[in-house]
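Good morning, and thank you for making time on the agenda. I should like to walk you through one model, beginning with the ligand site and working outwards.

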Amino acid sequence: MAGDSCIMGACMTMQIRAAKPSDIDTIGRLMAASIGDLQRDFLTPAEIDSSRAIMGVDTRLIEDGTYYVAEIDGELAGCGGWSRRRTLYGADVTTGRDESVLDPAVDAARIRAMYTHPKHVGKGVARAILARSEAAARAKGFTRIEFVSTLAGVPLYTACGYVAGERFADSTGGVPVPLVRMAKQLG
Ligand SMILES: CC(C)(COP(=O)(O)OP(=O)(O)OC[C@H]1O[C@@H](n2cnc3c(N)ncnc32)[C@H](O)[C@@H]1OP(=O)(O)O)[C@@H](O)C(=O)NCCC(=O)NCCS
């Protein structure tokens, strides 16, 4: 998917493509910058530090071909994707992962690890990756999406038709990090 758009007079070309193993280092740096900068309005510094321990690259999504990157004028601007596996959130290192495959007849697909580089916020990067992810999940027969979001992700998902549910905290990184369950019925 490629598209040209203009925001506040500045024109750009955005392309969404499947992430490759060779993108992993760049994705890791983008996530670190995004967690550090874009969660400041939602989390305390200690919660942000703990977030770094539980969030990050999930290489299984890249292997599955369900993880995407957005490039703006050739530069990596964002990443995110969906999953047909039970794990709700987290990185390769996160404890309690469940990589069993979901059944679209009875299970909901996941949205996973949406991060935009601070330099590229507000340009529709996450919205475009989310639309691509939902379309791919729908094409595989899923009719519902359920996952766990950071507080910083809630305004994005709400704007894109998701409903917030239970709020809980993950303490595996040290200080408890607040998280929110999100759900959407696919049209
Ligand atoms: C959440 C995040 C991915 C949004 O990225 P983005 O590319 O700036 O989002 P978009 O430009 O596509 O925004 C789409 C819509 O979401 C809403 N939105 C996104 N970020 C918002 C914010 N901080 N406050 C209010 N609304 C927001 C807006 O309605 C926006 O639509 P609009 O531009 O038409 O008003 C980005 O802020 C981020 O990386 N945050 C830190 C990492 C994180 O917590 N990710 C979520 C993991 S579950």
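Please note at the outset that this is a predicted model. Let me begin with the ligand. The residues that form the shell around the ligand comprise ten nonpolar, nine polar and two charged ones. There are 21 residues around the ligand in total, and those that come nearest are A126, A152, G153, P155 and A159. Five elements give two or more residues each to this shell: the helices and strands labelled α1 (24–38), β5 (110–116), α4 (125–139), β6 (144–150) and α5 (154–159). I shall return to β5 and β6 in a moment.

First, the overall layout. The protein contains five helices and eight strands. Read from the N terminus, the order of elements is β-β-α-α-α-β-β-β-α-β-α-β-β. The C-alpha trace spans about 45 × 40 × 30 Å along its principal axes. How does the radius of gyration of the protein stand against that of a compact globule? A compact globule of 187 residues would have a value near 16 Å, and the protein has 16 Å, so the two agree. As for contacts between residues at least 6 apart in sequence, 68% of them join residues at least 24 apart.

Two pairs of residues give a sense of distance. V180 and I54 are 126 residues apart in sequence, and their C-alpha atoms are 15 Å apart in space. M12 and R85 are 73 residues apart along the chain, and their C-alpha atoms are separated by 34 Å. M12 itself belongs to strand β2, residues 10–18, and M12 counts as partly exposed because 16 other C-beta atoms lie within 10 Å.

Now to the interior. Of the 187 residues, 36% count as buried. In soluble globular proteins, nonpolar side chains tend to be buried together. Here, the largest nonpolar core has 40 residues, and the members that touch the most others are A19, A70, C79, M114, V125 and I129. Which element gives the most to this core? That is α4, with six residues; α4 is also among the elements that contribute to the ligand shell. To take one core member in detail, and leaving aside residues up to four places away in sequence, A19 touches I27, I62, Y67, Y68, V69 and C79.

Strand β5 merits separate attention. Seven of its seven residues are buried. β5 pairs with β4, residues 75–83, in the antiparallel sense over five bridges, and R112 in β5 is the bridge partner of G81. Within β5 we also find A113, whose phi is near 45°, a positive value in a residue other than glycine. Is A113 buried or exposed? A113 has 23 C-beta neighbours inside 10 Å, and therefore counts as buried; the threshold is 20 or more.

D73 offers a useful counterpart. Phi of D73 is near 50°, again a positive value in a residue other than glycine. D73, however, lies in the loop between β3 (67–72) and β4. D73 has 10 C-beta neighbours inside 10 Å and so counts as exposed, the limit for that class being 12 or fewer.

I turn finally to the strands around β8, residues 177–185. β6 and β8 run antiparallel and are joined by seven bridges, with I145 opposite K184 in β8. Strand β7, residues 163–170, also runs antiparallel to β8, through six bridges, and here A164 stands opposite M182. The hairpin of β7 and β8 has six residues between the strands, and in it G174 takes a positive phi near 120°.

V180, which I mentioned for its separation from I54, sits in β8. With residues up to four places away in sequence left out, V180 touches V148, S149, L151, V154, A164 and R167. V180 has 18 C-beta neighbours inside 10 Å and therefore counts as partly exposed.

To close, I would leave you with two elements. β5 gives residues to the ligand shell and has seven of its seven residues buried. β6 likewise gives residues to that shell and is joined to β8 by seven bridges. Thank you; I should be glad to take your questions.

Conventions. Residues numbered from 1 in each chain as written. Predicted model: local features only at pLDDT ≥ 70, side-chain atom pairs only at ≥ 80, totals over all residues. Near = placed C-beta within 6 Å. Helix = DSSP H or I, 4+ residues; strand = E, 2+ residues; numbered from the N terminus. Nonpolar A, V, L, I, M, F, W, Y, C, P; charged D, E, K, R; others polar. Core = buried A, V, L, I, M, F, W, Y, C linked by C-beta atoms within 7 Å. Contact = placed C-beta atoms within 7 Å. Pairing = 2+ DSSP bridges. Rg over C-alpha atoms; globule rule 2.2 N^0.38 Å.
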